Amino acid sequence: MTTKDILKKVRKIEIKTKRLSDHIFGGEYHSSFKGRGMTFSEVRPYAFGDDVRNIDWNVTARYRTPFVKVFEEERELTMMLAVDISGSENFGTQTQLKREMITEIVATLAFSATQNNDKVGLILYSDEIELFIPPAKGRSHVLRIIRELIDFKPKHTRTNTAQALKFLYNVLKKKAIVFLISDFIDTKYEDTLKIVGRKHDLTGIMVYDPIEKEMPDLGLVALRDLETGKTAYVDTGNKQVRHTHNAMFLKRHDYFKKAFQKAGSGIIWVATNGSYIKKMLQYFKARS
Amino acid sequence: MKNLFEHFELYTPYALLLLALVPILSVWLYRKRYAEKPKMQYADLNSFGGFKTLKNKVLIILPVLLLLSVALISIGIARPRSIDVTAKTKKTKGIDIMLAVDVSASMLARDLKPNRLEALKKTAINFIKKRPNDRFGVVLYAGEAFTQVPITSDQRIVMQAIRKINFRQLFNQLDQGTAIGMGLATAVNRLKDSKAKSKVVILMTDGVNNTGEIDPYTALELAKEFGIKVYTIGLGTNGYALTPVGVRPDGSFEYRNAKVEIDEKLLKKIAAETGGKYFRATDNRKLQKIYKEIDKLEKTEIKETKYYNYKELYRPLILISVILISLIGLLRYTWLKSFI
């Protein structure tokens, strides 16, 4: 992928997701993640429809025209996006790969955050931390995040969610909004998740491919594991094999749900053929 | 088991070197087991639980079958075959041999073990056994001569006749004495009409011609006349030997040490003039040696033809491997066909 291609792709994602965050998510996000309270910022002349209770009588008396107090929410929130870019993310049988969908989700979230004057940071992890972008504000910062998501080539292919969570815990000193986006083909992250969930406002987004849930009958296929690189013939024509496969997915999904619920965190799961917009909106609405 | 390998051979055994391909091929197959297959990338193989279905198992066996068929083909190329030998000896026309055996009383002398006659019988039989293509006859003589077996190719009869020579019986029937001339003449008589390439008389004696109607020299002339070779063998040690000298009233022999007298001059002359050879046998070993020598001198050409019936065994091997390979191909493209 040349730089031009990447920029093109970044632009495309920007257009798509910025619109989403401007029109749909912006408000929802804002109300979902509240700041610490309201602080007075300025006074302005009274306009029709303003709440009478907000009139600043001292200023009104001094200028002999009505003035109202304007409050602003004290935000300065930090959003941390922890994204799994292990080998398994490069899988997808529908219109897009899991990683591509994750990129869109991250972009949407990042734009929503900047719009609300929040700082956005990024952690890319596999079985170790691949990339860490400290939280910052601004459109160009978001664009960089998107670019990394599109172009970053991880050194490792496996997944270690617990380690990523530990890193996140050490890096973020203040309370932050954390999104952990992965396919959660991993285990043993429950304990670490609990610790992180206690400190931060944590949300887990599970992205999966429908084939991971239900394998169609393809007969005998040679499959190569994207994470381990192992190859094996899998007889998908066998019912028991397909059943095991489905059971394993459900087990994984269950673990994901339970782990996040125990940590007091929110969860979103979305298939690559589904609409993440709908799911996220539902989630934000439920929160606020 | 031994029999099996005796009749079993590989026509091109170095083709077995192809068997070395099997381990090489197996390593190669193991390394490339997924190479020729298009693979689908998948997020998580563990989710299938490593469950092995029948197809998975057969898929593992397939390369083993392939290796097996390669091995079978290698063995087949080596052309194993069983051999069935039928030897057919073509009888070439051999020579005719008359054995003229002295059966006078002195043949019981014990300088050869157990006595001259028995030693002679044994050696003569061995001699006959070694010459399957020749015809033999036997003439016995003492004071007079008679033909025990006329010249015949049936060696079994000849050998039996020799074995059955019974001194005591002959002793009663024949005149006493040693009629070398008679013996030789009788033998010559038997050979004179023979059409064999070579006619031989083996004349054995242990004494001096002392009786008989035909003089040895006359017999010699006869032999020369018919082109008969005479080998002469003088039996008896040098000096004295325990020789029967008389008969006791109960019929057993009285043995005394007597001087061994052999008319060597005569025997040498007979041999020399007919193109034969004179030998002196002083003991059993010497006697055997003499016969061996005569055997060598009278070489006959033996043509033996061997017929080899080979039964090629590669056919089932190749057949099995062809079946295996087609089975592999068939399974690959039907039951074990991959979606991609």
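Me: Before we look at chains A and B, when do two strands count as paired?

Reply: Two strands pair if DSSP finds at least two bridges between them. Keep in mind that this model is predicted.

Me: What makes strand S8 of chain A and S2(B) a pair?

Reply: Three bridges join S8, residues 220-225 of chain A, to S2(B). The cut-off is at least two bridges, so the two strands count as paired. They run parallel, and Arg224(A) stands opposite Gln41(B) in S2(B).

Me: Which elements give two or more residues to the side of chain B that touches chain A?

Reply: They are strand S2 (40-42) and helix H3 (54-77) of chain B. In total, 22 residues of chain B are in contact with 28 residues of chain A. The chain B side divides into eleven nonpolar, six polar and five charged residues.

Me: Now to the helices of chain A. Why is H1(A) called oblique to H3(A)?

Reply: The axes of H1 (residues 3-32) and H3 (residues 98-115) of chain A come within 8 Å and cross at roughly 55 degrees. Angles under 35 degrees would count as roughly parallel, and 65 to 115 as roughly perpendicular. An angle of roughly 55 degrees fits neither range, nor is it over 145, so H1(A) is oblique to H3(A).

Me: Which hand does the crossing of H1(A) and H3(A) have, and which residues make the contact?

Reply: H1(A) passes H3(A) in a right-handed crossing. The contact includes Ile13(A), Leu20(A) and Phe25(A) of H1(A), and Ala107(A) and Phe111(A) of H3(A). The residues of this contact divide into six nonpolar, seven polar and five charged.

How values were computed:
Residues numbered from 1 in each chain as written. Chains lettered and ligands numbered in written order. Predicted model: local features only at pLDDT ≥ 70, side-chain atom pairs only at ≥ 80, totals over all residues. Axes fitted to C-alpha atoms, helices over the stretch in contact; angles between N-to-C directions. Helix = DSSP H or I, 4+ residues; strand = E, 2+ residues; numbered from the N terminus. Left-handed = near helix turned anticlockwise from the far one by under 90°. Contact = placed C-beta atoms within 7 Å. Nonpolar A, V, L, I, M, F, W, Y, C, P; charged D, E, K, R; others polar.
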